[in-house]
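Hello,

Here is the structure I promised to pass on to you. Have a look at it first, and then read on for what turned up.

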Amino acid sequence: MTSRIERVHAREVFDSRGKPTVEVEVTCAGARPGRAMVPSGASTGRFEAVELRDRSDSRLDGLGVRQAVRNVCTEIASAIIGLDADDQAEIDRRLIELDGTPQKSRLGANAILGTSLAVAYASAEARGVSPVIRFREIWDAIVGHVEIVLDKLGMRMLLPLPMVNMISGGLHAGRQLEFQDFLILPVGATSYSQAFEWIVTVYRRLGRVLIERGHEGILVGDEGGYGPKLRTNEEAIELVVAAIEVAGLNPGDDVAIGLDVASTHFFEDGRYRLPSVSSSPLTAEQMVDLLEGWVARYPIISLEDPLAEDDWTGWRLITERLGKRVQLIGDDLFVTNVARLREGIERGVANSVLIKPNQIGTLTETLATLRLAIDNGYWPVVSARSGETEDTTIADLVVATGAGQLKVGSVARSERLAKYNQLLRLEETLRTDVGYLGGSIFESLRS
Ligand code: 2PG
Ligand code: MG
């Protein structure tokens, strides 16, 4: 055994919304501690792993995570001290078994994920390798390359195509708009750093466009996107298209549009409540008609959660109608869960999956979902949560696994920039060991 775990410690720290979260430190014999912090969602799916919070305690409105911290320092520490931090799969297996519940509700997915990731960092520290290299080793060990069949994806380390929030609505910006994220994908850029420069330029131009047209163009939502009060979701799309043009870029060819509809959060009694579109709630079919119309009118290349987490029939319909033209991402639908993704694949639903480690709770399970997606030709999009910290795990993870796309919110607020800046560092330091496919991963959609 090379990296024997000697110490496991946790503390309560705070995320980008000022909510308590778990930080875990795992130390191997003779090495510096490996540390990870856990993010937290607002528009969470019902099938996600459970974040343990001190609900019965009036301190911090019941949002404290002292019990999760205690679980790490006691039960979890006893279970993994003495084990080999280099054997990530075994550590994660023990954590899952120790918790013993389907959604990690006993010890808390926050306690478990914090530990799982800190073990990866501890192993990196013990062996003197960088996190991205450690994640790559784990990916290779857990996944193995031999059987991976998907042409370009999953073969090597890749800098991701960023999918970046410009305007925020839904639960991330006081429900000023019904849809949650109006994003851009710089599909025409030929490197990560060029893609990022384009994004920053569009973002800044959008601020100006908003102000010129009498809207809020300074204050931002939870993920750093502007949070203007607009009449309709379409107006937000039009403003983003205008900003792309003002930036001297071509909407569609250079920079395409993505939407996170986050429709689970306005789905009631089998209908979609969209007062800005219609006074009576929409059926799934009407929702699909609406989105299909927008795909025809605007350069939309990606739709996340266009239908709700329970609406398998609606999802099937949109996949039949748009699945060859648009990336259809399951977030609340799949919750990074192998079983739910497998069900989706069997039912012919969606063609892409959002990968959020805290939806499932261990590194091994996150990679298993990623693997299943790649093997079945589903585009994986590694994603942050709306509540984030300075932890940069997902930046290293998306590169290490060659997943190809990353969603981190906007280009304001340092919990977001921590990830984007880490990617700039990786682009510089990994040089020829890392590739960039950018928008060419969508060849089949764009031809
Ligand atoms: C989402 C995420 C990130 P949250 O819905 O995709 O944008 O939001 O973390 O609130 O679930
Ligand atoms: Mg989402």
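**What was found**

Strands β11 (residues 327-330) and β12 run parallel and are joined by two bridges. Within this pairing, Gly330 sits opposite Val353 of β12. Strand β12 covers residues 352-355, and its side chains alternate: Ser352 and Leu354 point one way, Val353 and Ile355 the other way, and all are buried. Please keep in mind throughout that this is a predicted model.

Towards the start of the chain there is an open sheet of three strands, ordered β1-β2-β3, and its pairing is antiparallel. The edges are formed by β1 (5-14) and β3 (34-37), each of which pairs on one side only. From one strand to the next, the twist averages 15 degrees. Between β1 and β2 (residues 20-28), the antiparallel pairing extends over nine bridges; in one of the pairs, Ile5 has Cys28 of β2 as its bridge partner. Helix α3 (residues 109-127) lies across β1, β2 and β3, and runs at about 35 degrees to β2.

One more thing for you to look at is on the surface. Ile211, Ile218 and Leu219 make a nonpolar patch of about 320 Å². Ile218 belongs to the loop between α5 (192-212) and α6 (233-246). Is Ile218 buried or exposed? Ile218 counts as exposed because its relative accessibility is 61%, and the cut-off for exposed is over 50%.

Happy viewing, and best wishes

How values were computed
Residues numbered from 1 in each chain as written. Chains lettered and ligands numbered in written order. Predicted model: local features only at pLDDT ≥ 70, side-chain atom pairs only at ≥ 80, totals over all residues. Heavy atoms only, no water. Pairing = 2+ DSSP bridges. Helix = DSSP H or I, 4+ residues; strand = E, 2+ residues; numbered from the N terminus. Axes fitted to C-alpha atoms, helices over the stretch in contact; angles between N-to-C directions. Contact = heavy atoms within 4.5 Å. Patch = residues over 30% accessible without salt bridge, like charges linked within 9 Å, V, L, I, M, F, W, Y side chains within 5 Å. Areas by Shrake-Rupley, 256 points an atom, 1.4 Å probe, with all protein chains shown as cover. Salt bridge = Lys/Arg side-chain N within 4 Å of Asp/Glu carboxyl O. Buried < 20%, exposed > 50% of the residue type's maximum accessible area, 1.4 Å probe, protein only.
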